[in-house]
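Could you walk me through how to read a few structural features, one by one?

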Amino acid sequence: MSEKHFDDSQPAFHEDHNPRKENQMKKENAANSYFISHISYLKRKTVSRFTLIELLVVIAIIAILAGMLLPALNAARNRAKSTQCMGNLKQQGYSVINYSDSYGDWLPPLWYGLPNAGFWQLAFFELKLLHGSRPTSGNPIPKGVLACPSEDGKLRFGTYNHWNTYKGTYYGMNRYLNHNYTPNATNVSRQKWRKQTQAQKPSTTFTIADEWIHPAKPKDLAPQGIIRARYHQMGQRHNGKWNYVCIDGSVKSMGMYPKFGQQGDWEDFLYAPTQW
């Protein structure tokens, strides 16, 4: 029997080898590769074209939202400052009540005979009714409970310095707690002692309140920790309102007040503890 010889130099034939099918697959792969590359190019081109527009749109939206939110944020900030101010007044109101409890029910005077502590806001530290660093002429900027966070502290009164304008406090005591009801009640000799229990409307008459130099009345008398309606000294710095604490310790807020700029400014129970 003759032997069959095979030529090893020729590739072996496999049943699954199909040249036509392979060529078709190569064409499809080439087409897919082209489309994939083209789509990637378009994506890159699209992203680079619209990124700036999208950024501008986002900036515009943020600007609109900021314009809508900033007034609300400012209002919230002002309310927070007013709340802090009321907290300061609450503590000062307690100091007035403590004074009356300690000194025979008498309401506190405006001036005292204490060395270097003639004004109430200075004497209250000496009497341990208020605590912290007492203001002085060398350290005149109000601090702690005497500093209203809404007051800018600007000097509007001629050549007066900060000490001679505010005397270390942005709050003022009601001039008529212990003064005669007269047109000119600035002198110590006109002092009229009144007791806390004599107050006819303790939840109406204020003891201490926001003080300021009215922006439209820069030549009015400097408050120096003592205020009256005649000189527009109620500090309406909380969105047009001023905060105050009453004889009974309640803290309130008011806008325009009676007897604004009037000489007979004691003729209201907001100021007068007793009938005038």
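What follows is a short dialogue about strands, backbone angles, charged pairs, a buried tyrosine and a cavity.

Q: Before we start, what kind of model is this, and what do its numbers rest on?
A: This is a predicted model, in which local features need pLDDT of at least 70 and side-chain atom pairs count only at pLDDT 80 or more, while totals for chains, interfaces and linings use all residues. Residues are numbered from 1 along each chain as its sequence is written, and side-chain values use heavy atoms, with hydrogens and water left out.

Q: Fine. How do I read a sheet, and what is the strand order in the open one here?
A: The general idea is that strands of a sheet pair through backbone hydrogen bonds, either parallel or antiparallel. Strands (E, at least two residues) and helices (H or I, at least four) are DSSP runs, numbered from the N terminus, and two strands pair if DSSP finds at least two bridges between them. Here, an open sheet of five strands runs S5-S3-S4-S6-S7, with mixed pairing. S5 and S7 (251-254) are the edge strands, each pairing on one side only.

Q: In which sense do S4 and S6 pair?
A: S4 and S6 are antiparallel, over three bridges. To find the register by eye, look for Ala 209, which stands opposite Tyr 244 in S6.

Q: And how are S1 and S2 joined?
A: Two bridges join S1 (residues 111-114) to S2 (residues 117-119), and these strands run antiparallel. Leu 114 stands opposite Ala 117 in S2. The hairpin of S1 and S2 has two residues between the strands, and Asn 116 takes a positive phi near 60 degrees there.

Q: What should I make of a positive phi in general?
A: Most residues other than glycine have a negative phi, and that makes the exceptions handy to look up. Gln 224 has a phi near 55 degrees, positive in a residue other than glycine. You'll find Gln 224 in the loop between S4 (206-210) and S5 (226-227). Asn 239, also not a glycine, has a positive phi of about 55 degrees. Asn 239 sits in the loop between S5 and S6 (242-246).

Q: Is Asn 239 buried or exposed?
A: Asn 239 is exposed, at a relative accessible area of 62%. As for the cut-offs, buried means under 20% relative accessible area, exposed over 50%, and partly exposed in between (1.4 Å probe, protein chains only).

Q: Now charges: how many salt bridges does a search of the whole structure find?
A: Side chains of opposite charge can pair when their charged atoms come close. The test is a side-chain nitrogen of Lys or Arg within 4 Å of a carboxyl oxygen of Asp or Glu. By that test the search finds five salt bridges. One of them joins Arg 237 and Glu 151 (2.6 Å, N to O). Arg 237 lies in the loop between S5 and S6, and Glu 151 in the loop between H2 (120-126) and H3 (162-166), so the pair ties together parts that are 86 residues apart in sequence. Arg 237 counts as buried at 12% relative accessibility, and Glu 151 counts as buried at 11%. Glu 151, Asp 210 and Arg 237 are linked in a salt-bridge network.

Q: How accessible are Glu 126 and Arg 134?
A: These two meet in a salt bridge (3.0 Å, N to O). Glu 126 is partly exposed at 42%, and Arg 134 is partly exposed at 22%.

Q: Where does Tyr 176 lie?
A: Tyr 176 is in the loop between S3 (171-174) and S4. Tyr 176 is buried, with a relative accessible area of 1%. Its side chain is joined to that of Arg 228 by a polar contact of 2.8 Å. A polar contact is a pair of N or O atoms within 3.5 Å; within protein, one must be able to donate a hydrogen and the other to accept it, and residues adjacent in sequence count only if both atoms are side-chain atoms.

Q: Last one: which residues line the largest cavity?
A: Ser 133, Pro 135, Asn 139, Ile 141, Pro 142, Lys 143, Leu 146 and Gly 168 do.

Terms used: On a 1 Å grid over the protein atoms alone, a cavity is a set of points where a 1.4 Å probe fits but cannot get out, and a pocket is an open set with protein on both sides within 12 Å along at least five of seven lines; lining residues have an atom within 4 Å of a point.
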